[in-house]
Each structure stands twice: as structure tokens, then as C-alpha cells.
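This report considers selected features of one protein chain. Please look through the sequence and the structure before reading on.

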Amino acid sequence: MIIMLDKVWFPLSLTLWIATISSILVLFSGVVIAYIFARRDFRGRELAELLVTLPLILPPTVIGYLLVILVGKNGFLGHLIYSFFGTGIMFTWQAAVIAAYTVSLPLMVRAAQAAIEAVDRELEYAAYILGRSEIETALLITLPLSKRGILAGLVLSFARAVGEFGATLMLAGNIPGKTNTMSISIYSAFQAGNDELAQTLVLILIFISLLAISLTGRFVGKLEV
């Protein structure tokens with residue numbers, strides 16, 4: 001029983017830790033990107049939107065392969081990380097965070113962008129007339145009025161990070177006690193014929209997914225009122 005709990009607890013805690021760190025990064029960077037897309041008209045915006053959205057439609061293994069090229073020891077970012085820290089980032093939990101961040105960022109950007117675009121611009125123009133700068137207007141008017149869409153995007157991004165598998169496997173590997181997240185542990189348990197462990201982990205992931213869907217529906221429902 002204790003061995004079973006240990007086999008469940010580590011992948012569960014690691015997955016929640018990775019999803020939490022990834023979601024924090026997604027929240028701050030995703031809102032900034034969404035605001036720029038919603039309120040700025042610049043050359044190449046459509047291409048930028050396409051690149052941000054691309055992880056939604058690409059197979060996770062393709063995303064994982066591209067990330068390996070980028071952050072591997074011989075990749076551009078990987079070489080910089082190795083030069084600065086003296087070690088690579090692949091096959092670590094930090095690599096799993098990068099994979100989770102990459103696949104969940106589009107969900108935050110799309111949800112936050114739609115919410116920001118729905119804000120009445122007359123309110124922003126009124127703030128400008130009263131002497132508020134654009135940053136003050138964004139922080140005091142636009143983003144508070146967009147909070148339900150942003151929260152919905154955050155919940156979806158967290159759920160996507162929890163269920164990430166393909167890109168994580170390619171970038172972080174499957175190292176027991178180090179990088180074996182919930183999804184990877186389910187795959188390993190299934191391969192080893194450990195149905196009891198696989199079913200337990202599946203039930204936990206289903207519960208987390210249902211909770212995310214419930215929370216998202218609640219936020220989006222209120223947004224439409």
C-alpha cells in the first residue's frame with residue numbers, strides 16, 4: 001500500500017508543481033501577448049498570432065522535436081544555458097516546464113485576447129482623457145474587465161499542462177523519481193502491465209480534468225452575462 005502511494009504521490013506532486021510553475025509563466029507572458037494582439041496593429045501581427053497558436057494544432061511529438069532542437073545542448077537557447085550554468089536543461093523537471101508552457105500558452109492567449117477585445121474602448125478613451133497612461137488604463141480598466149476570460153484561460157492552460165505527454169517525454173524523458181509525470185507514469189504502468197497503478201492515475205487525471213472543465217464553464221458562463 002505504501003509503495004502504491006509512493007508511486008502515485010511523486011508523479012502527482014511533480015505534475016502539479018510543473019503545471020503550477022508553467023501556469024504562472026503563462027499567466028504573465030500570455031496576458032501581455034494577448035493585450036498586444038488585441039490592442040496593437042503592427043506589421044506581421046497575423047504571422048505572430050499564427051506562430052503562438054501553432055502548438056494547438058501541431059502533434060506534441062513535433063513540438064517536442066522542435067524544442068529539443070532549440071534547447072538541446074547544441075541548440076541556440078541550450079548553448080546559452082549550458083554556457084551560463086555549466087549544465088544542460090534536458091531531462092530535468094525544468095525541461096518539462098518548458099514543454100508544458102509551450103503547449104498551454106496558446107489557450108491563455110486566445111482566451112485573454114477575446115476577453116480584452118470585448119472591453120468597450122470608450123472606457124479606455126475616457127481614462128486617457130482623464131490623464132491615465134496606457135499602462136495605467138490597461139492595469140486599472142482593461143485587465144480587470146477581462147479577468148473572467150483571463151481566469152478561464154488560466155484554468156484551461158493549467159489543465160493542458162497537467163495532461164501534457166508527448167513534448168514532455170521527448171524533452172524531459174521518462175526518468176523515475178525525476179521526470180515521470182502523471183501522463184508518463186500512466187504510459188509506463190501500462191507498458192509494464194501494472195493496471196492497478198495505471199487505473200489509479202487515470203482516475204486522478206480524469207478528476208482534475210472534470211474540475212478544470214467545471215471551473216472553465218463557470219467563468220465563461222459569467223463572462224457571457
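## Burial and the model

A residue is called buried when its relative accessible area is under 20%, exposed when that area is over 50%, and partly exposed in between. The structure discussed here is a predicted model. Ser146 gives a clear case: its relative accessible area is 0%, so it is classed as buried.

Ser146 is located in the loop that runs between α7 and α8. Which residues does Ser146 touch, not counting those up to four places away in sequence? They are Ala115, Ile116 and Val119.

## The loop between α5 and α6

Asp120 belongs to the loop between α5 and α6. With a relative accessible area of 43%, Asp120 is partly exposed. This value falls between the two limits of 20% and 50%, which is why the residue is called neither buried nor exposed.

Asp120 can also be placed relative to a residue elsewhere in the chain. Its C-alpha atom is separated by 9.3 Å from that of Leu145, and the two residues are 25 residues apart along the chain.

## Salt bridges

How many salt bridges does the model contain? The count comes to four. One of them joins the side chains of Arg39 and Glu124, with 3.1 Å from N to O. Because Arg39 lies in helix α1 and Glu124 in helix α6 (residues 121-129), this pair ties together parts that are 85 residues apart in sequence. Both partners are buried: Arg39 has a relative accessible area of 11%, and Glu124 has a relative accessibility of 0%. Arg39 and Glu124 also belong to a network of salt bridges that links them with Arg121.

A salt bridge is also formed by Arg40 and Glu134, whose closest N and O atoms are 2.7 Å apart. Arg40 is in the loop between α1 and α2 (45-53), and Glu134 is in helix α7 (residues 134-145), so the pair ties together parts that are 94 residues apart in sequence. Arg40 counts as partly exposed at 38% relative accessibility, and Glu134 likewise counts as partly exposed, at 26%.

The side chains of Arg160 and Glu164 form a further salt bridge, at 3.2 Å from N to O. Is each partner buried or partly exposed? Arg160 is partly exposed, with a relative accessible area of 27%, whereas Glu164 is buried, with a relative accessible area of 2%.

## The cavity

Rolling a probe the size of a water molecule over the atoms shows where empty space is left. In this model, the count comes to one cavity of 30 Å³ or more. The space in the largest cavity is about 60 Å³.

Glu164, described above as a salt-bridge partner of Arg160, is also one of the residues that line the largest cavity. The other lining residues are Thr15, Ile18, Ala19, Ala96, Ala100, Ala161, Val162, Thr168 and Thr181. By class, the lining has six nonpolar, three polar and one charged residues.

Which helices each supply at least two residues of this lining? They are α1 (2-39), α5 (93-117) and α8 (147-163). Among the contributors, α1 gives the most, with three residues.

## A serine in helix α1

Ser23 is part of helix α1. Its relative accessible area is 6%, which places Ser23 below the 20% limit, and therefore it is buried. The side chain of Ser23 reaches the backbone oxygen of Ala19 at 2.6 Å, and Ala19 is among the residues lining the largest cavity.

What does Ser23 contact once its neighbours within four places in sequence are left aside? Ser23 is in contact with Leu154, Ser157 and Phe158.

## An unusual backbone angle

Most residues other than glycine have a negative phi. Phe91 has a phi near 60°, a positive value in a residue other than glycine.

Phe91 is situated in the loop between α4 (76-85) and α5. At 40% relative accessibility, Phe91 counts as partly exposed.

Definitions and conventions
Residues are numbered from 1 along each chain as its sequence is written. This is a predicted model: local features need pLDDT of at least 70, side-chain atom pairs count only at pLDDT 80 or more; totals for chains, interfaces and linings use all residues. Side-chain values use heavy atoms; hydrogens and water are left out. On a 1 Å grid over the protein atoms alone, a cavity is a set of points where a 1.4 Å probe fits but cannot get out, and a pocket is an open set with protein on both sides within 12 Å along at least five of seven lines; lining residues have an atom within 4 Å of a point. Grid points are joined across faces, edges and corners, and a volume is the space filled by probe spheres set on the points. Helices (H or I, at least four residues) and strands (E, at least two) are DSSP runs, numbered from the N terminus. Ala, Val, Leu, Ile, Met, Phe, Trp, Tyr, Cys and Pro count as nonpolar, Asp, Glu, Lys and Arg as charged, and the others, Gly among them, as polar. Buried means under 20% relative accessible area, exposed over 50%, partly exposed in between (1.4 Å probe, protein chains only). A polar contact is a pair of N or O atoms within 3.5 Å; within protein, one must be able to donate a hydrogen and the other to accept it, and residues adjacent in sequence count only if both atoms are side-chain atoms. Contact means heavy atoms within 4.5 Å.
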